[in-house]
Amino acid sequence: MEKSKSFARIFEKNFSKRDFKPNLKTTQSLFKILNTLIFKNQLTFIPNFCIKRIHGALGMFEYSPTAVKHCHTITLTNNFLDFREFASILGHEMVHFYQFTVLKMNSGNHNKDFYKFKKRFQKLGLDLQREYR
Ligand SMILES: [Zn+2]
């Protein structure tokens, strides 16, 4: 199925759900869809995902150059307000992943390289900003 159609379908199916609790499978398939629609498939591998209760953030990206197995980890909270918030946060952390792996930047700043994706987020009905709540 075309990626834009699968995004529309997954978005529609989950749109009205409150208290969206992501699992690993949904996160990985949405990663692939957003990689195509937002990043033109420039992300060449899937990072490690960690879904858990976190304090003071909805998501974060971590790069550990000395890690034996997974150097790149996206951590997400286990309870989002809705699907749209979940997809926006995953996309936000994917921009940081892009900064590290494609642009080879050693800092994940919210700079112009970060915000250049904003229009593609908006096209999908998602939000790209520094903070969400
Ligand atoms: Zn950020």
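**Entry 1: F31 and its contacts**

I began with F31 and looked up its contacts beyond four places in sequence; F31 touches I46, L90 and M94. I note at the outset that the model is predicted. I then located F31 in the secondary structure and found that this residue lies in helix α2. Is F31 buried or exposed? I counted 20 C-beta neighbours inside 10 Å, and F31 therefore counts as buried. I also looked up the pair F31 and T75: these residues are 44 positions apart in sequence, and their C-alpha atoms are 13 Å apart in space.

**Entry 2: α2 against α3**

I turned next to the packing of α2 on helix α3, which spans residues 83–101. I recorded that the two axes come within 11 Å and cross at roughly 65°. For the hand of the crossing of α2 and α3, I noted right-handed. Which residues meet here? From α2 I listed T27, L30, F31 and L34, and from α3 I listed A87, L90, G91 and M94. I sorted the residues of this contact by character and obtained 6 nonpolar, 2 polar and no charged. L90 and M94 thus appear among the α3 residues of this contact, and I had already entered both as residues that F31 touches.

**Entry 3: α2 against α1**

I then examined the packing of helix α1 (residues 3–14) with helix α2 (residues 24–37) and recorded an angle of about 130°, with the axes 9 Å apart. I classed α1 as oblique to α2 because of that angle. The crossing of α1 and α2 I entered as left-handed. On the α1 side of the contact I found K3, S4, S6, F7 and I10, and on the α2 side L30, I33, T36 and L37. These residues divide into 5 nonpolar, 3 polar and 1 charged. I noted L30 in the contact with α1, and L30 is also listed in the contact with α3.

**Entry 4: the chain as a whole**

I closed with the protein chain overall. How many helices and strands does the chain have? I counted 5 helices and 5 strands, and along the sequence I read the pattern α-β-α-β-β-β-β-α-α-α. I took the extent of the C-alpha atoms along the principal axes and obtained a box of roughly 40 × 30 × 25 Å. I compared the radius of gyration of the chain, 14 Å, with the value near 14 Å that a compact globule of 133 residues would have, and the two agree. I found that 26% of the 133 residues count as buried. Among contacts with a separation of 6 or more, I attributed 66% to residues 24 or more positions apart.

Notes. Residues are numbered from 1 along each chain as its sequence is written. This is a predicted model: local features need pLDDT of at least 70, side-chain atom pairs count only at pLDDT 80 or more; totals for chains, interfaces and linings use all residues. Axes are lines fitted to C-alpha atoms, for helices over the stretch in contact, and angles run from 0 to 180 degrees between N-to-C directions. Helices (H or I, at least four residues) and strands (E, at least two) are DSSP runs, numbered from the N terminus. Angles under 35 degrees count as roughly parallel, over 145 as roughly antiparallel, 65 to 115 as roughly perpendicular and the rest as oblique. A crossing is left-handed if the near helix is turned anticlockwise from the far one by less than a right angle, and right-handed if clockwise. Two residues are in contact if their C-beta atoms, placed from the backbone, lie within 7 Å. Ala, Val, Leu, Ile, Met, Phe, Trp, Tyr, Cys and Pro count as nonpolar, Asp, Glu, Lys and Arg as charged, and the others, Gly among them, as polar. The radius of gyration is taken over C-alpha atoms; the globule rule is 2.2 Å times the number of residues to the power 0.38. A residue is buried if 20 or more other C-beta atoms lie within 10 Å of its own, exposed if 12 or fewer, and partly exposed in between; C-beta atoms are placed from the backbone.
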